[in-house]
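Let's take a friendly walk through this protein together. Have a look at the sequence and the 3D view, and then read on.

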Amino acid sequence: MAADPAAGRADVPPYEASRGVMITVEGIWGTGKTTTATAMGERLIAAGFSTRVMHYGPSHGIVERLSDMLDTAPLRRRDGLGGYDAAHHATVDVLLRLCREAYHHRVHYRPALAEHDVVVVDHGVYSKLAYALAVLSEQHPDVDPALLLTQVRAVAAPWFLHPDVALWLDMPWPLARERAIDRGQGGGNPGSVERLLFLPRFSHSYRLVADAHPDRIRRIRVGARTTPSVLLEIDKLLSPLLHTQTGALR
């Protein structure tokens, strides 16, 4: 492992002769991550890059059961005021979700990077750190969020694949919530009181995560902009990376 794995991409095994470019589309629920990632993938393929747009790959065995539990019977209530039945459930929830994320980084993202010029992850990876920070800071309001984030990053460091660039679709959370309601996305009921209470904390945590990774996260102020307008800005951000990246693109 690298000396400071939390600060950079985890070392790849020596048998991986090349590595594609990893791009993640980040943002809270309702910012248009999947729409943007799909359009990006189409543009990259048209430009001649071997490209794969990923959400999650197939899960098997215990990871499949874990994913089903997290999606259909989460520890955090998704209606009413939300929250957890027991204080320690917050930590258990975070650890279980990071376990699932570790599986996807190791089993899906890493092999895809060895096979393609560009891999686009449409739901972000820093989003998982932001969610964990939001939950833990809610449960431990007396603890410095910077310390909590350091602890979360340390847990994820052995397996976390930092993207070459993370495109953060930054949108005010009230607007993102309205868009999530319109699309019925985000798990549970996007219009619930629980979501209304949690989104501001989630949005704030995302900003702390972005501040911790200034060399990787590129902020795109979305607001009410159209997808073509956002894609034009993304093209400008990606152009230097895709023309100078070594490895699979050389």
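## Val120 and its neighbours

In this predicted model, Val120 makes a good starting point. Leaving aside residues up to four places away in sequence, Val120 touches Ile23, Val25, Ala37, Met40, Leu44, Thr51, Arg52, Val53 and Met54.

## The largest nonpolar core

Val120 also belongs to a bigger group: the largest nonpolar core, which has 61 residues. Val120 is among the members that touch the most others, along with Ile23, Met40, Tyr126, Phe202, Ile234 and Leu238. Two of these names, Ile23 and Met40, also appear in the list of residues that Val120 touches.

Which helix gives the most to this core? Helix α4, residues 126-139, does so, with 9 residues. As background, nonpolar side chains tend to be buried together in soluble globular proteins.

## A small gallery of cavities

How many cavities of 30 Å³ or more does the model have? The count comes to 2. The second largest holds about 40 Å³ of space.

The lining of this second largest cavity is made by Ile28, Thr31, Trp168, Leu169, Asp170, Met171, Ser203, Tyr206 and Arg207. Strand β4 (165-170) and helix α7 (193-212) are the elements that give two or more residues to this lining. Sorted by class, the lining has 5 nonpolar, 2 polar and 2 charged residues.

## A closer look at Asp170

Asp170, one of the lining residues, is found in strand β4. Is Asp170 buried or exposed? Asp170 counts as buried because its relative accessibility is 7%, and buried means under 20%.

What does Asp170 touch, not counting residues up to four places away in sequence? Its contacts are Arg207, Arg219, Ile220, Arg221, Val222 and Gly223. Arg207 also lines the second largest cavity.

## The protein as a whole

Stepping back, the protein has 8 helices and 5 strands. Read from the N terminus, the elements follow the order β-α-β-α-α-β-α-α-β-α-α-β-α.

Of the 250 residues in the protein, 50% are buried. Among contacts with a separation of 6 or more, 80% are between residues 24 or more positions apart. As for the outside, the protein exposes about 11700 Å², and carbon and sulfur atoms supply 57% of that area.

Definitions and conventions
Residues are numbered from 1 along each chain as its sequence is written. This is a predicted model: local features need pLDDT of at least 70, side-chain atom pairs count only at pLDDT 80 or more; totals for chains, interfaces and linings use all residues. Side-chain values use heavy atoms; hydrogens and water are left out. A nonpolar core is a set of buried Ala, Val, Leu, Ile, Met, Phe, Trp, Tyr and Cys residues joined through side-chain atoms within 4.5 Å. Buried means under 20% relative accessible area, exposed over 50%, partly exposed in between (1.4 Å probe, protein chains only). Helices (H or I, at least four residues) and strands (E, at least two) are DSSP runs, numbered from the N terminus. Contact means heavy atoms within 4.5 Å. On a 1 Å grid over the protein atoms alone, a cavity is a set of points where a 1.4 Å probe fits but cannot get out, and a pocket is an open set with protein on both sides within 12 Å along at least five of seven lines; lining residues have an atom within 4 Å of a point. Grid points are joined across faces, edges and corners, and a volume is the space filled by probe spheres set on the points. Ala, Val, Leu, Ile, Met, Phe, Trp, Tyr, Cys and Pro count as nonpolar, Asp, Glu, Lys and Arg as charged, and the others, Gly among them, as polar. Accessible areas come from the Shrake-Rupley method with a 1.4 Å probe; for residues, only the protein chains shown count as cover.
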